[in-house]
Structure formats: C-alpha cells, structure tokens
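Grab a coffee and work through these short exercises with the viewer open. Each task is followed by a solution in steps.

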Amino acid sequence: MKLRQGPLSPQSRGDTELPAQNTLFPVVAVGASAGGLEAFTQLIRGLTGTTGMAFVFVQHLDPSHHSLLAELLSKAAAIPVIEAKSGV
C-alpha cells in the first residue's frame with residue numbers, strides 16, 4: 001500500500017479534524033457507475049473517524065451532469081465529506 005502526503009489543510013467539521021498538510025495516510029479509491037450511490041452510502045455508513053485513511057469516491061457521470069455525491073454522502077457519513085476540486 002502506498003502512502004501519499006495529505007493535500008488537505010486543517011479544517012474541521014463539527015468535532016472531527018481533517019488531516020493537516022504533510023500528514024501521511026493511506027488513500028482508498030472506490031469507483032462505481034451512476035447507479036452506485038446506494039453502494040457508496042452503505043460503505044460510508046460503516047466508516048468511523050478512526051480509520052486513519054482517506055476515501056475517494058468516484059462516480060461515472062455524464063460531464064454535463066452536476067454531481068450531488070458529496071452532499072448526499074455527507075448525510076450518511078460519520079466522517080467529513082468534501083468534494084475534490086482543483087487545489088484541494
């Protein structure tokens with residue numbers, strides 16, 4: 001397993017801190033088609049804030065379709081959910 005340097009600045013969501021810059025942690029990528037929302041939701045419901053890992057959820061969508069994935073997953077998650085954007 002490769003460890004990557006965390007690109008996130010210290011931020012908080014409630015009482016949960018996101019990893020600070022230059023923190024090493026495993027990154028787990030999970031991909032699905034547009035119909036994978038239920039599987040993503042079930043997976044994220046089982047995660048706690050103590051895994052020490054970052055999770056990247058990638059959904060195959062039409063490029064013109066606006067994704068609500070981060071918003072939908074944040075409702076089911078006990079961990080911070082942020083949308084990956086350029087520079088994050």
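**Exercise 1.** Leaving aside neighbours within four places in sequence, which residues is Gln59 in contact with?

*Solution.* Keep in mind as you go that this is a predicted model.
- Step 1: Find Gln59 in strand E5.
- Step 2: Set aside the neighbours within four places in sequence; the contacts that remain are Ala32, Ser33, Ala34, Gly36, Leu37, Phe40 and Leu69.
- Step 3: Check the accessibility. The relative accessible area of Gln59 is 18%, and buried means under 20%, so Gln59 counts as buried.

**Exercise 2.** Work out the order of the secondary-structure elements along the chain.

*Solution.*
- Step 1: Count the elements: there are two helices and five strands.
- Step 2: Read from the N terminus, and the order is β-β-β-β-α-β-α.

**Exercise 3.** Describe how strand E4 is joined to strand E5.

*Solution.*
- Step 1: Locate E4 at residues 24–32 and E5 at residues 54–59.
- Step 2: These two strands run parallel, with six bridges between them.
- Step 3: Pick out a facing pair: Val58 in E5 has Gly31 opposite.
- Step 4: Look at Pro26, which sits in strand E4. Pro26 and Ala54 are separated by 28 residues in sequence, yet their C-alpha atoms are 6.4 Å apart.
- Step 5: Pro26 is buried, at 15% relative accessibility.
- Step 6: Add helix H1 (residues 37–45) to the two strands. E4, H1 and E5 together form a β-α-β unit, and this unit is right-handed.

**Exercise 4.** Find the aromatic pair and say which elements the pair ties together.

*Solution.*
- Step 1: The count of aromatic pairs is one.
- Step 2: The partners are Phe40 and Phe57, with 5.0 Å from centre to centre and 70° between the planes. Planes over 60 degrees apart count as edge-to-face, and this pair is edge-to-face.
- Step 3: Place the partners. Phe40 belongs to helix H1 and Phe57 to strand E5, so the pair links parts that lie 17 residues apart in sequence.
- Step 4: Both Phe40 and Phe57 are buried.

**Exercise 5.** List the members of the largest nonpolar core and say which helix gives the largest share.

*Solution.*
- Step 1: The core holds nine residues: Phe40, Ile44, Leu47, Phe57, Leu69, Leu73, Ala76, Ala77 and Ile79.
- Step 2: At least two of these residues come from H1, and at least two from helix H2 (69–76).
- Step 3: The largest share comes from H2, with three residues.
- Step 4: Put this in context: nonpolar side chains tend to be buried together in soluble globular proteins.
- Step 5: Zoom in on Leu73. Beyond its neighbours within four places in sequence, Leu73 contacts Leu37, Phe40, Thr41, Ile44, Phe57 and Val81.
- Step 6: Turn to Thr41 in helix H1. Not counting residues up to four places away, Thr41 touches Leu73 and Ala76. Thr41 has a relative accessible area of 10% and is buried.

**Exercise 6.** What percentage of the residues of the chain count as buried?

*Solution.*
- Step 1: The chain has 88 residues, and 20% of them count as buried.
- Step 2: For the surface, the accessible area of the chain is about 6,300 Å², with 54% belonging to carbon and sulfur atoms.
- Step 3: For contacts, take those between residues at least 6 apart in sequence; 52% of them join residues at least 24 apart.

Notes
Residues numbered from 1 in each chain as written. Predicted model: local features only at pLDDT ≥ 70, side-chain atom pairs only at ≥ 80, totals over all residues. Heavy atoms only, no water. Pairing = 2+ DSSP bridges. Helix = DSSP H or I, 4+ residues; strand = E, 2+ residues; numbered from the N terminus. Right-handed = clockwise from strand over helix to strand, strands pointing away. Phe/Tyr/Trp six-rings, centres within 6.5 Å; stacked < 30°, edge-to-face > 60°. Buried < 20%, exposed > 50% of the residue type's maximum accessible area, 1.4 Å probe, protein only. Contact = heavy atoms within 4.5 Å. Areas by Shrake-Rupley, 256 points an atom, 1.4 Å probe, with all protein chains shown as cover. Core = buried A, V, L, I, M, F, W, Y, C linked by side-chain atoms within 4.5 Å.
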